[in-house]
Amino acid sequence: NRVESLPKGFVWGGATAAYQVEGNTKADGKGKTMWDDYLKEQGRFSPDPASDFYHRYPEDIRLAKEHGLNAIRVSIAWTRIFPDGHGEPVQAGIDYYHKLFKECIDNGIEPYVTLHHFDSPKTLFDEGEWLNRQTIGYFVDYARFCFEEFTEVTNWFTMNEPVPLAYSQFIQGNFPPNHHFDVSNGIQAQHNEMLAHAQVVNLYKDELNKSGHIGVIHNLTPVYPISDTAENRHAAKLKDAFMNKFVLDAAFLGYYSEDTMSSINEILGINEAELTIENGDLDIMKQAAAQNDHFGINYYQNEFIQSYEGESTSHFNGTGEKGTSTFKFKGVGESVKKAGIPQTDWDWNIYPKGLYDTLKRVSHDYENCKTIYITENGMGYKDQTPTSDDEIIDDTPRIDYIDQHMDAVLKAREEGVDVQGYFVWSLQDQFSWANGYNKRYGLFYVDFETQKRYIKKSALWFKELAATMINE
Ligand code: GCO
């Protein structure tokens, strides 16, 4: 059957992020992130209670285990350890993560731990966050602390999705500080985050000489011209440099190739923007590029691009209603829909071939990209509200989505791409940064009022898949 080719130890996981699941944002001395006041001001939704993972992690880990998973992606909330991003560590935060990791390991669920998942400390955010290079130093100190303290963890990721983070913060304007088409800062933040990643990799490998595994997580968005005209091809090439090549080069070459830089320089020129790469940055990045152990790919959708020369505009209203978002980026094109390509309730293309193309591309273009994990893939869906206590939630469209993407992964594997694991986004329902609590992704349904968990059909499907594995 389809999974027969999988190696012993193939990783099947569920993914989470601290701020999206833990809740309890004021508990036990935790410091504010850049989101706390922002969400209050925006009035979109509250980060509490989220999925109350802070207390309910034993139940979620048990559910994961019962449904055949052998891994979980979690992130450490920087502000539970260092409320202001630096200074004295908080014992309660340290204890919480030791307990969480122990619960995972005791249950045969391997923790894959991310150090930064969108939740920068508010104090550092107020001083410019990643645009202020002091943040890089604080991040390295925090990473050092985690590596020395959490010796039970052997699989690490430095940063989660530098592109969507910077893009949402400075280009699209739906993450704090909500800038629109602030292209200088949007690209500068990505470079600085990749420099931070590189410093942490070098710390882990060279200075601390650790034997575990470390790498970065990128969200990759394959970009295709909507039709084969020279203008559309060119806009798609620029968008691809912005969404994919810039950070892939940073991670796996340690410098920006001529081809990438010519596209980035063109985008900078069109938008009267600037990028500063300081002396020495590329040496640090090159050193790290050669010693990444693994790479996490988050994949949700592709983009079809039509060339666009007018003023940049972005419309986003956070309701998640179909057809309410538009995005036009001067010179970089307009993201348009293609007839016949299905979409989710949030207008995201369902395009599994994009995952296959992405896997082939990274393994072909980047020699330093070795072991790959799919660290997020899944479908935001308006699951039905359960009406009885033991109801199994029917999320067949999500099963279809995961099934098709799994096929893409298996096909790429058969053709030699070294994918060693798949984490579904998400383990349990959690809130979505931009769309709040009605965008559900979980294998397990969470009633956010009572925090009761319900099984979804996708979890049972996953269990069956895991049971047919040869690597039991
Ligand atoms: C969303 C999705 C995810 C998360 C994830 C990215 O918010 O809509 O749930 O893509 O944003 O944290 O790493």
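A residue counts as buried here if 20 or more other C-beta atoms lie within 10 Å of its own. The legends below use that cut-off, and the model they describe is predicted.

**Figure 1. Helix H8 and the elements around it.**
Helix H8 spans residues 162-171, and 10 of its 10 residues are buried, so the helix is largely enclosed by the rest of the structure. The buried residues include Pro162, Val163, Leu165, Tyr167, Gln169 and Ile171. Elements that cover them include strand E4 (155-160), helix H9 (183-207), strand E5 (213-219) and helix H10. After H8 comes Gly173, which has a positive phi, near 75°.

**Figure 2. The closed barrel.**
In this view 8 strands form a closed barrel with parallel pairing, in the order E1-E2-E3-E4-E5-E7-E12-E13. From one strand to the next, the twist averages 25°. One of the pairs joins strand E2 (residues 71-75) to strand E3 (residues 110-116), in the parallel sense and over 5 bridges. Within this pair, Ala71 has Glu110 of E3 as its bridge partner.

**Figure 3. Strand E5 between E4 and E7.**
Strand E5 is mostly covered, with 6 of its 7 residues buried. E5 pairs with E4 in the parallel sense over 4 bridges, and Asn160 has Ile217 in E5 as its bridge partner. E5 is also joined to strand E7 (residues 294-298), by 5 bridges and again running parallel. In that pairing the partner of His218 is Ile297 in E7. E5 also appears in Figure 1, among the elements that cover the buried residues of H8.

**Figure 4. Strand E13 between E1 and E12.**
Strand E13 (residues 419-425) is mostly covered, since 6 of its 7 residues are buried. Strand E1 (residues 11-15) pairs with E13 in the parallel sense over 5 bridges, and Gly13 stands opposite Phe423 in E13. E12 pairs with E13 in the parallel sense as well, over 3 bridges. In this second pairing, the bridge partner of Ile372 is Val419 in E13.

**Figure 5. Glu376 in strand E12.**
Glu376 is covered by the annotation "active site" in the UniProt record, which is an unreviewed entry. The residue belongs to strand E12 (residues 371-376). Glu376 has 23 other C-beta atoms within 10 Å and is therefore buried. Leaving out residues up to four places away in sequence, Glu376 touches Ala15, Asn298, Phe423 and Trp425. Of these contacts, Phe423 is also the residue of E13 that stands opposite Gly13.

**Figure 6. The surroundings of the ligand.**
The ligand is surrounded by 13 residues, and the closest are Ala17, Asn160, Glu161, Ser432 and Trp433. By class, this shell holds 4 nonpolar, 6 polar and 3 charged residues. Asn160 also takes part in the pairing of Figure 3, where Ile217 in E5 is its bridge partner.

**Figure 7. The open sheet and helix H10.**
Here 5 strands form an open sheet of mixed pairing, in the order E6-E8-E11-E10-E9. Strand E6 (223-225) and strand E9 (313-315) are the edge strands, each pairing on one side only. Neighbouring strands of the sheet are turned by 30° against each other on average, with direction ignored. Strand E10 (residues 326-329) pairs with strand E11 (residues 333-336) in the antiparallel sense over 2 bridges. In this pair, Lys328 has Glu334 in E11 as its bridge partner. Helix H10 (residues 230-252) lies across E6, strand E8 (303-306) and E11, and runs at about 170° to E6. H10 is also one of the elements that cover the buried residues of H8.

**Figure 8. Thr344 in a loop.**
Thr344 lies in the loop between E11 and helix H13 (352-365). The residue has 20 C-beta neighbours inside 10 Å and therefore counts as buried. Apart from neighbours within four places in sequence, Thr344 is in contact with Ile350, Met379, Gly380 and Tyr381. Ala273 is 71 residues from Thr344 along the chain, and the C-alpha atoms of the two are separated by 34 Å.

Technical notes: Residues are numbered from 1 along each chain as its sequence is written. This is a predicted model: local features need pLDDT of at least 70, side-chain atom pairs count only at pLDDT 80 or more; totals for chains, interfaces and linings use all residues. Two strands pair if DSSP finds at least two bridges between them. Axes are lines fitted to C-alpha atoms, for helices over the stretch in contact, and angles run from 0 to 180 degrees between N-to-C directions. Two residues are in contact if their C-beta atoms, placed from the backbone, lie within 7 Å. UniProt positions are given in the numbering used here, feature names are shortened, and annotations may be inferred rather than shown by experiment. A residue is buried if 20 or more other C-beta atoms lie within 10 Å of its own, exposed if 12 or fewer, and partly exposed in between; C-beta atoms are placed from the backbone. A residue is near a molecule or strand if its C-beta atom, placed from the backbone, lies within 6 Å of it. Ala, Val, Leu, Ile, Met, Phe, Trp, Tyr, Cys and Pro count as nonpolar, Asp, Glu, Lys and Arg as charged, and the others, Gly among them, as polar.
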